[in-house]
Amino acid sequence: MKKVFGKYCLAAMFTLAFSLHAVAADLPEIEKSGTLKVATEDDYAPFNFMKDGKSEGFNKDMLDELRKYAKFNINQSILPWTGLLAAVSTGQYDMALTGAVITDERLNVFNFTPPWASAQHYFVKRADDKTLNTIADLSGKKVGVQAGSALLARLPELKAMLEKVGGKLGPVVEYQSYPEAYADLANKRVDYVINVVISVNDLVKAKPKVFAKGLPVSGPGYMAWPISKSSPELLAFMTKFMNHMTETGKLAELQKKWFGETYDLPKEPITSADQFHKLAGL
């Protein structure tokens with residue numbers, strides 16, 4: 001299911017998605033119950049995806065390491081992306097273990113663990129499309145993005161880039177999953193799709209005859225796990241876990257395995273828009 005997304009709907013979408021107060025459990029309640037409830041997705045390679053009926057991806061491997069590190073059980077539920085963050089914000093789950101990009105809007109509701117990957121946005125086009133070579137070439141073209149994603153929240157950056165070269169942002173189409181968006185791109189129902197650079201690299205590597213990597217359409221960004229602002233002790237616990245992964249070299253190992261590179265990233269949790277802007281140079 002998809003729909004054309006109007007330019008005035010971004011703020012309304014985030015207000016609706018995150019309007020309820022967070023009631024997630026903090027670390028003392030989790031330790032008392034003996035269970036941490038995490039929400040993941042299964043259709044966003046290379047972060048979370050299914051292969052031969054089994055979970056795969058960077059976050060699957062990180063979850064395996066977290067199970068070794070924690071002294072409590074971890075209950076994983078797989079949800080569609082479009083409802084995942086809302087389920088965490090309303091306390092149905094204690095945190096999200098997925099490829100979440102940090103944005104100003106999300107920082108109104110969540111704190112984020114120390115980042116584990118870069119999240120600059122790029123456009124991807126059809127491999128045989130010789131018309132989309134510059135940002136100006138995107139003017140008026142139909143773009144596909146995932147519904148409820150950070151790509152929507154940062155589309156104003158692309159809009160500003162286009163206006164600077166005398167262009168304009170074209171129709172925006174929302175998709176429930178990226179495979180659906182890529183299928184429409186291949187079938188010429190949209191002109192380009194925006195995703196984080198890691199996913200674009202993964203897609204082009206897997207299907208070089210179908211898709212090609214374009215240019216950056218946003219400034220720097222980070223991927224990290226969101227935790228309710230009502231759970232500061234859980235955030236501190238997950239920060240210690242991330243430090244453990246960094247110090248043991250396991251984080252770099254998994255970055256190399258799934259992303260093909262390692263990153264120089266902030267080591268502290270990100271809890272405010274001001275802090276995020278300073279770290280990202282926005």
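Which helix gives the most to the lining of the largest pocket? In this predicted model, the answer is α9, which contributes seven residues to that lining.

## The largest pocket

The space inside the largest pocket comes to about 540 Å³. Its lining is made up of 27 residues, and those that lie nearest the centre of the pocket are A45, S199, D202, L203 and A206. Besides α9 (197-206), the elements that each supply at least two residues of the lining include the strands β3 (43-44) and β4 (48-51), together with the helices α8 (178-186) and α11 (250-259). Sorted by class, the lining of the largest pocket holds 17 nonpolar residues, four polar residues and six charged residues.

## Strands β3, β4 and β5

Two of the strands that help to line the pocket, β3 and β4, also form a hairpin with each other, in which three residues lie between the strands. β3 and β4 run antiparallel and are joined by two bridges, and within this part of the chain Y44 stands opposite N48 in β4. On from there, β4 is joined by three bridges to β5 (residues 54-56), again in the antiparallel sense, and here K51 stands opposite K54 in β5. The hairpin of β4 and β5 has two residues between its strands, and D52 takes a positive phi near 55° in it.

The strand pairs for which a number of bridges is given can be set side by side as follows.

| Strand pair | Bridges | Sense | Source of the row |
|---|---|---|---|
| β3 and β4 | two bridges | antiparallel | hairpin strands |
| β4 and β5 | three bridges | antiparallel | hairpin strands |
| β8 and β16 | two bridges | antiparallel | sheet strands |

## A three-stranded sheet

A separate point of interest is the open sheet that three strands form in the order β8-β16-β10, with antiparallel pairing. At its edges stand β8 (100-101) and β10 (117-118), and each has a single partner strand, so one side of each is left without a neighbour in the sheet. The pairing of β8 with β16 (residues 222-224) is antiparallel and spans two bridges, and V101 stands opposite M223 in β16.

## Helices α3 and α4

Is E65, a residue of helix α3 (residues 58-69), buried or exposed? E65 counts as buried because its relative accessibility is 14%, which falls under the 20% limit used for that word. If the neighbours within four places in sequence are left aside, E65 is in contact with F241, M245 and K250.

In helix α4 (residues 81-89), the buried residues include W81, L84, L85, A87, V88 and S89. An α-helix has 3.6 residues a turn, so residues three or four places apart point the same way. Just after α4, G91 takes a positive phi of about 85°.

## What the record says

Two annotations in the unreviewed UniProt entry cover much of the text above. According to that entry, the domain "Ionotropic glutamate receptor C-terminal" covers residues 35-261, while the domain "Solute-binding protein family 3/N-terminal" covers residues 35-262. Over residues 35-261 the chain is 37% helix and 27% strand, with the end C-alpha atoms 33 Å apart. Over residues 35-262 the chain is likewise 37% helix and 27% strand, and there the end C-alpha atoms are 31 Å apart.

Terms used:
Residues are numbered from 1 along each chain as its sequence is written. This is a predicted model: local features need pLDDT of at least 70, side-chain atom pairs count only at pLDDT 80 or more; totals for chains, interfaces and linings use all residues. Side-chain values use heavy atoms; hydrogens and water are left out. Buried means under 20% relative accessible area, exposed over 50%, partly exposed in between (1.4 Å probe, protein chains only). Contact means heavy atoms within 4.5 Å. On a 1 Å grid over the protein atoms alone, a cavity is a set of points where a 1.4 Å probe fits but cannot get out, and a pocket is an open set with protein on both sides within 12 Å along at least five of seven lines; lining residues have an atom within 4 Å of a point. Grid points are joined across faces, edges and corners, and a volume is the space filled by probe spheres set on the points. Helices (H or I, at least four residues) and strands (E, at least two) are DSSP runs, numbered from the N terminus. Ala, Val, Leu, Ile, Met, Phe, Trp, Tyr, Cys and Pro count as nonpolar, Asp, Glu, Lys and Arg as charged, and the others, Gly among them, as polar. Two strands pair if DSSP finds at least two bridges between them. UniProt positions are given in the numbering used here, feature names are shortened, and annotations may be inferred rather than shown by experiment.
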